[in-house]
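The paragraphs below lead a new reader through this structure, from the whole chain to its ligands and then to some local details.

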Amino acid sequence: MSWYIGIMSGTSLDGIDVALCKIDVINGSMETRAFHSPPFPDELLAKLTVLCTKPIQHLENIGQTQQLLTKAYADAVNSLLAKENVDPATISAIGCHGQTIWHSPASTLPFTWQLLDAALLARLCNINVIHNFRAKDMAYGGQGAPLVPPFHQWLCKDFPAHFQYRVLVNIGGIANVSIFDKEKLIAGFDTGPGNTLLDMWYQRHNIQMYDKNGAWASTGNYHRALLTQLLSDPYFVQAAPKSTGREYFNLAWLNQYLDQYYAVTSKTKDTVLAPQDIQRTLSMLTAQSIITSIQTYTQNAPTQLIVCGGGTHNQQLYADLTNVLPPSIAVTLLSSLGHDVDAIEAMAFAWLAACHESGIPSNAPSLTGANKAVVLGSKTNYK
Ligand SMILES: Nc1ncnc2c1ncn2[C@@H]1O[C@H](COP(=O)(O)OP(=O)(O)OP(=O)(O)O)[C@@H](O)[C@H]1O
Ligand SMILES: CC(=O)N[C@H]1[C@@H]2OC[C@@H](O2)[C@@H](O)[C@@H]1O[C@H](C)C(=O)O
């Protein structure tokens with residue numbers, strides 16, 4: 001058993017997830033002792049938002065954002081350790097994802113870019129850092145994402161299995177699924193938008209960052225024709241391996257489909273759909289795209305759907321998801337199986353660090369498209 005810290009800051013830009021975990025990667029046990037989720041400091045949030053929404057930036061600005069981000073990660077780790085009264089010398093390593101600012105797995109020269117100064121993080125925490133997890137999978141021809149399915153498989157092995165299929169869905173900014181036929185991991189990919197379009201549309205019409213509990217969406221009606229238009233995007237029918245991000249699913253993407261919708265219905269933008277109706281339709285888009293993706297693999301066989309990620313707190317989204325479920329799919333929250341719905345990605349990066357330290361390959365080549373199982377991550381020692 002060794003102690004690891006996992007850090008994830010995801011596509012929603014809602015802050016930093018840090019988990020302190022005791023892991024025995026060989027014998028298969030994991031205990032999460034503490035989980036903290038501090039928001040980004042205001043200046044950092046403003047810089048990251050600009051970087052992720054207006055990606056043409058001066059290099060100096062990208063560099064400054066990276067250093068601010070790294071300091072915020074270090075503050076999050078150090079305050080968690082102080083609160084838990086844990087000596088950094090007892091931590092084997094930090095597994096840090098970094099902040100994705102661009103993910104381009106399908107270009108002629110594929111790349112994925114996560115901001116992090118690993119040497120600075122290691123120095124500020126006095127702990128070795130494992131990072132750059134996506135690069136090696138990509139170097140071997142993979143998408144570099146999603147990385148969590150092998151962790152989901154490792155975690156799920158102890159859950160009771162009464163169903164033919166089990167699916168873990170993480171509804172973060174982007175939603176991703178891991179699909180199991182009994183214990184066998186058969187698929188894992190990004191289904192499309194989770195909360196990202198909901199957050200962006202909400203922020204355009206409101207001052208808060210997200211639609212708390214889906215209250216605003218619940219005042220709207222969903223429009224079937226618009227939903228059909230949105231679901232006609234080729235990403236939703238593209239075969240796996242596939243992964244995506246805010247560089248694809250964003251307001252420009254939405255506007256393009258709204259324009260098509262208005263062209264078809266010959267109505268003008270200002271007069272017809274209320275913003276709340278669009279929000280509700282986006283909620284249905286997330287729900288429907290997740291369920292359709294799952295059904296491609298499970299057809300109508302009995303399936304357990306385990307849900308995690310920030311989207312589980314959006315009551316309207318959760319209701320929309322359960323409403324589109326066919327009778328063959330039974331839904332449950334990851335929390336009912338003993339794990340925090342918000343901590344799962346940070347836990348995954350603690351586990352990926354443990355795999356790195358034990359020399360265990362942790363990508364799933366059949367899922368990402370890599371031609372080899374490889375040990376993920378690079379190590380930067382603090383000394
Ligand atoms: N109380 C709530 N009501 C509605 N939505 C919520 C609530 N709490 C969280 N969310 C949603 O969850 C999002 C954050 O989810 P999460 O932290 O899982 O995403 P992420 O890790 O940043 O993304 P990804 O998994 O794509 O990297 C918020 O941006 C918001 O949309
Ligand atoms: C490039 C990138 O940061 N992708 C994230 C994002 O957030 C959810 C989804 O899109 C997933 O593909 C991935 O994160 C998790 C941790 C993964 O790699 O499994």
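## A walk through the model

In the loop between helix H4 (133–139) and helix H5 (149–156) sits proline 146. The model in which this proline is seen is a predicted one. The peptide bond that joins alanine 145 and proline 146 is cis, with an omega of about -10°. Both residues return below, in the account of ligand 2.

Consider the whole chain next. The protein chain has 12 helices and 12 strands. Its C-alpha trace spans about 65 × 50 × 40 Å along the principal axes. For 383 residues, a compact globule would have a radius of gyration near 21 Å, and the 20 Å of the protein chain agrees with that. Of the 383 residues, 50% are buried. The contacts can also be sorted by distance along the sequence: among those between residues at least 6 apart, 72% join residues at least 24 apart.

How is the chain divided into domains? The domain assignment gives domain 1 (2–145 + 343–380) and domain 2 (149–337). Domain 1 is thus written as two stretches of sequence, 2–145 and 343–380. The centres of domain 1 and domain 2, taken over C-alpha atoms, are separated by 24 Å. In the contact between the domains, 21 residues come from domain 1 and 27 residues from domain 2. On the side of domain 1 that touches domain 2, strand S4, helix H11 (344–357) and helix H12 (365–368) each supply at least two residues. H11 gives the largest share of that side, four residues. By class, the side of domain 1 that touches domain 2 has nine nonpolar, 10 polar and two charged residues.

The two domains matter for the description of the ligands. Around ligand 1 there are 23 residues, and the closest are Gly10, Ser12, Gly172, Asn195 and Gly310. Where does ligand 1 lie with respect to domain 1 and domain 2? Domain 1 and domain 2 both give residues to its shell, so ligand 1 lies between them. The shell around ligand 1 is made up of 15 polar, five charged and three nonpolar residues.

Ligand 2 has 17 residues around it, and those that come nearest are Thr100, Ala145, Pro146, Val148 and Ile174. Ala145 and Pro146 in this list are the two residues joined by the cis peptide bond described at the start. Both domains contribute here as well: the shell around ligand 2 draws at least three residues from each of domain 1 and domain 2. Among the elements of secondary structure, strand S4 (91–104) and strand S8 (174–181) each supply at least two residues of this shell. S4 also supplies at least two residues of the side of domain 1 that touches domain 2. By class, the shell around ligand 2 divides into 10 polar, five nonpolar and two charged residues.

Some details of the backbone remain. The peptide bond from alanine 240 to proline 241 is cis, with omega near 5°. Proline 241 is placed in the loop between helix H7 (224–231) and helix H8 (251–265).

Positive phi values are found in asparagine 132 and lysine 182, neither of which is glycine. For asparagine 132, phi is near 55°. Asparagine 132 lies in the loop between strand S6 (129–131) and H4. Is asparagine 132 partly exposed or exposed? Asparagine 132 has 19 C-beta neighbours inside 10 Å, and therefore counts as partly exposed; a buried residue would need 20 or more. For lysine 182, phi is near 50°. Lysine 182 is in the loop between S8 and strand S9 (184–193). Lysine 182 counts as exposed because 10 C-beta neighbours lie inside 10 Å.

Helix H7 shows how burial can be arranged along a helix. Which residues of H7 are buried? They are Leu226, Leu227, Gln229 and Leu230. Seen down the axis of H7, these buried residues fall within an arc of 160°, so they line one face of the helix. An α-helix has 3.6 residues a turn, so residues three or four places apart point the same way. On the other side of H7, the exposed residues are Arg224, Ala225 and Thr228. H8 and helix H9 (275–298) are among what covers the buried residues of H7.

Methods
Residues are numbered from 1 along each chain as its sequence is written. Chains are lettered from A and ligands numbered from 1 in the order in which they are written. This is a predicted model: local features need pLDDT of at least 70, side-chain atom pairs count only at pLDDT 80 or more; totals for chains, interfaces and linings use all residues. A residue is near a molecule or strand if its C-beta atom, placed from the backbone, lies within 6 Å of it. Ala, Val, Leu, Ile, Met, Phe, Trp, Tyr, Cys and Pro count as nonpolar, Asp, Glu, Lys and Arg as charged, and the others, Gly among them, as polar. Domain bounds come from an automatic or database domain assignment. A residue is buried if 20 or more other C-beta atoms lie within 10 Å of its own, exposed if 12 or fewer, and partly exposed in between; C-beta atoms are placed from the backbone. The arc is that of the directions from the helix axis to the C-beta atoms. Two residues are in contact if their C-beta atoms, placed from the backbone, lie within 7 Å. The radius of gyration is taken over C-alpha atoms; the globule rule is 2.2 Å times the number of residues to the power 0.38.
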